[in-house]
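These are my notebook entries on one structure. I set down each item in the order in which I looked it up.

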Amino acid sequence: MQLIPKSEIVPESNPPTNILNLEKIILDVGGMKCAGCVNAVEKQLIKHPGVKSVCVNLATEVAVLEVEIGIVDAEALAQGLTATGFPSQLRTAKSAGDKSAIPNPEARQRQEMQATIRQLVIASLLLLLSGIGHFGNIGSAIFPFLNDIWFHCGLATIAIIIPGRPILVEGWLGWRRGAPNMNTLIGLGTLTAYTASLVALLFPQMGWECFFDEPVMMLGFILLGRTLEKQARGRAAKAFRQLLALAPQTARLIINPEPEKLIAGANMMEIPAEQVRVGEWLQVLPGDKIPVDGEIRFGQTTIDESMLTGEPVPVIKQPGDMVTGGTLNQSGAIAIQATRIGDDTTLAQIVALVEAAQTRKAPVQKLADTVAGYFTYGVLTASCLTFAFWYLWGTHLWPDVTMSGAMEMAHNMGHNPQDLLPHTQYSSLLISLKLAIAVMVVACPCALGLATPTAILVGTGMGAERGLLIKGGDVLEKVHKLDTVVFDKTGTLTTGKPTVTDCLVIEESALPLSLIQLAAAVESGTYHPLAVAIQQEAKRQELTIPHAVDFHTAPGMGVSAVVEGKKVLLGNWEWFNYHQVNISETAQQQGYKLATAGKTVIGVAVDGTLMGLIAVSDTLRPDAKTAVDKLRHMGLRVMLLSGDRLEAANAIAKQLGIAKADIMAGIPPAQKAATIQSLQSGNIKSVVAMIGDGINDAPALSQADVGIALQSGTDVAMETAEIILMRNSLTDVVKSIQLSRATFNTIRQNLFWAFAYNTIGIPLAAGILLPSWGFVLTPSSAAALMAFSSVSVVTNSIALRRFAS
């Protein structure tokens, strides 16, 4: 192994300039009804100069853009979308209080829901009247006008003008901008049925059938489906809304934080939480939510952190302890000093992560997006071909279809079948027209558009409730393919709080200082867990720590410093070999004996002479064995990665039941990423998850297919990881993988149903079973099926909430 001196280690190169010149813009976009709308919005946004990438989410109605800084006018983008029928606004910190003409997303969704319910009530009333008249004698005895064809014409006209108007308008706008959508298909089907019926009514000599009930029933079923779908989407977003609701709105500012005034409760002022600044003191009373992240400076209490970790047991907090914004103060009045505010708070970062997860699509969604781009055109083509086939060939190949079709249509409207039999040439036109309309109406791009985002919304929102932050759909798909899980040892499998257990003197030092004093002096410039253990041991023994200068650190190997004019080295055998320190056979034997007991051995050398050994032990986390066993039962290979000696790693692995072949020891931090890469590119290519907590793990977390970081870890590790565990619990690794797999399985089920529904529904609507079975899907039945498909996809996503790990 070639060792590189610290002076020769070159820092990582800066990111490319083009990455540094990009920024993200978030737009709240309304008016999207299906995958075709999503595709239209993405196409309109991506064509603007300076826009590098666009991701639009149908479930959350959000568009996230990566743009070049200073080139793109975000307000112009929003105005452009609004002008084309998608009311949009730029997401800013003040969006919630924006008084512009475009309401904020939550208000807009409430307005849309209320409008849909109003339209549904009207459509349902019309559908009821149409249905009573449809069954002939049932209503005619009491209300004869219910059987009057002009009455049904009026019902259909009202249905199109009032509840159907928004659908027709949005469908026309989509057609005009060259991006026809689901509303275009419904609008065309409804108007075609209405127009054909109106012609038949005005020109009875043509012998056409009036089927005014079809537009009424189509719109009624469509609006019923949309109402159920919107309610289901609201339930899907429940966990996310609960996260947003956790943010406190106000804080009690302590103007002059003096102890006697704190006790007296004086000098308090209530201010909006967003106005709190770092360093300011705040009072939090029992029952209040903590307004921002901070440190307790006065008082003692218990805090309910279940919103953050999913753990219901309150945590005792004392002065010096950190508290998190959004958690609930339960028992005592405390004063905290703000350390993180605004978007920097833990809660704000959780919300941002969950929201960002909605815009990261699973690769499996790409097929659905590709299909959605051409879906409406394909359906319109299929509808035209259906009409042409049946009118030109079908009714001639199977003349019985025309006769039976005429009789069925007459029966459905309560007419005498004999009245239409002489006009079979016209009934062939009506059958062809009805089948073409059914094809237009039955097709459902909405199910394709909702299949992935609703599942991700439910899965990530539910994960956040349980302290599991999953960063997106692409992560879910990679987790589904996992076959190997690699654990870092120190701080991940172990508690990360090592203690000194042994101190062996090999040579007497020329300095009148103990090994612990020398080691504590050298480690005073670092914050590694081993350094903390040595410093705490010196404090426990009440030793005076001498002054040290000229610190040098080689991550994973050791440190050096000058103490009272002597160069002191602290580290492993590789570090000493590099500095040409002689290691006696006695020292090697003692080191081996300590290492086989599972202890980390640290050598102490002064001016090139090994003075002694310090052994540090870090205990296993109590849930480490359970987590490893569960992962193994899930069919995953569990491996141990450590920078420690092989003997120490073996001792930990033995306790966990990890085979020797799955131990990777003596790996310095700089080579951890390369080790992960070797697993990914070996003879048996593995899909690897890496679990770690420290800054040294960040490159390996980034290299792994899925990086999983413990919340107790560093911000760098959490930024790099794709799954973040908010609780300091290894069993959450198992839960996160199980939840990810369950969510991805739901995505696949939704996509399968969406594709299968259209694959089966369109041919049925086109009359594929009509010649042999006499089965025909009427336009109203097609509308009911279309509505059911969207609702079923969203309902299946909501079923994820029953997931129990």
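The entries below cover cavities, nonpolar cores, strand pairing, one residue of a helix and one further helix.

**Entry 1: Cavities**

I note at the outset that this is a predicted model. I first searched for enclosed spaces and found 8 cavities of 30 Å³ or more. I recorded a volume of about 120 Å³ for the largest cavity. I then listed its lining, which comprises 14 residues, with V56, K361, Q365, G449 and P453 nearest the centre. I traced the lining to its elements: α2 (35-46), β2 (51-57), α14 (365-397) and α17 (445-465) each give two or more residues. Which element provides the largest share of this lining? I found that α17 does, with 4 residues. I also sorted the lining of the largest cavity by class and obtained 6 nonpolar, 5 polar and 3 charged residues.

**Entry 2: Nonpolar cores**

I next examined the largest nonpolar core, which has 124 residues. Within this core, L27, L65 and F487 touch the most other members. Helix α29, residues 731-765, is the element that gives the most to the core, at 12 residues. I noted another core apart from this one; it holds 25 residues, including A561, L570, M611 and I614.

I then looked up the surroundings of L65. Setting aside neighbours within four places in sequence, I listed E23, K24, I25, L27, L45, V51, S53, V54 and L77 as its contacts.

**Entry 3: Residue I46**

I turned to I46, which I located in helix α2. Is I46 buried, partly exposed or exposed? I entered it as partly exposed, because its relative accessibility is 39%, and the partly exposed class runs between 20% and 50%. With neighbours within four places in sequence left aside, I46 has contacts with V51, K52, S53 and V54. I also checked the separation of I46 from E66: the two are 20 residues apart in sequence, and their C-alpha atoms are 9.7 Å apart in space.

**Entry 4: Strand pairing**

I recalled that strands of a sheet pair through backbone hydrogen bonds, in either a parallel or an antiparallel sense. I then followed strand β8, residues 293-298. Strand β8 pairs with β13, residues 334-340, over 5 bridges in the antiparallel sense. Within that pairing I found R340 of β13 to be the bridge partner of D293. Strand β8 is also joined by 2 bridges to β11, residues 322-323, and these two strands run antiparallel. I noted that G294 stands opposite V323 in β11.

I also recorded an open sheet of 3 strands in the order β10-β9-β12, with antiparallel pairing. Why does each of β10 (315-317) and β12 (328-329) have one side without a neighbour in the sheet? Both stand at the edges with a single partner strand each, so one side of each is left without a neighbour there. Strand β9, residues 301-304, pairs with β10 in the antiparallel sense over 3 bridges. In this pairing I303 stands opposite V315 of β10.

**Entry 5: Helix α25**

I lastly inspected helix α25, residues 646-656. Its buried residues are E647, A648, A649, A651, I652, A653 and L656. I asked which elements these buried residues pack against. I listed α19 (489-493), α23 (585-596), α24 (624-633), β22 (637-641) and β23 (663-664). After α25 comes G657, and I noted its positive phi, near 75°.

Methods
Residues are numbered from 1 along each chain as its sequence is written. This is a predicted model: local features need pLDDT of at least 70, side-chain atom pairs count only at pLDDT 80 or more; totals for chains, interfaces and linings use all residues. Side-chain values use heavy atoms; hydrogens and water are left out. On a 1 Å grid over the protein atoms alone, a cavity is a set of points where a 1.4 Å probe fits but cannot get out, and a pocket is an open set with protein on both sides within 12 Å along at least five of seven lines; lining residues have an atom within 4 Å of a point. Grid points are joined across faces, edges and corners, and a volume is the space filled by probe spheres set on the points. Ala, Val, Leu, Ile, Met, Phe, Trp, Tyr, Cys and Pro count as nonpolar, Asp, Glu, Lys and Arg as charged, and the others, Gly among them, as polar. A nonpolar core is a set of buried Ala, Val, Leu, Ile, Met, Phe, Trp, Tyr and Cys residues joined through side-chain atoms within 4.5 Å. Buried means under 20% relative accessible area, exposed over 50%, partly exposed in between (1.4 Å probe, protein chains only). Contact means heavy atoms within 4.5 Å. Two strands pair if DSSP finds at least two bridges between them.
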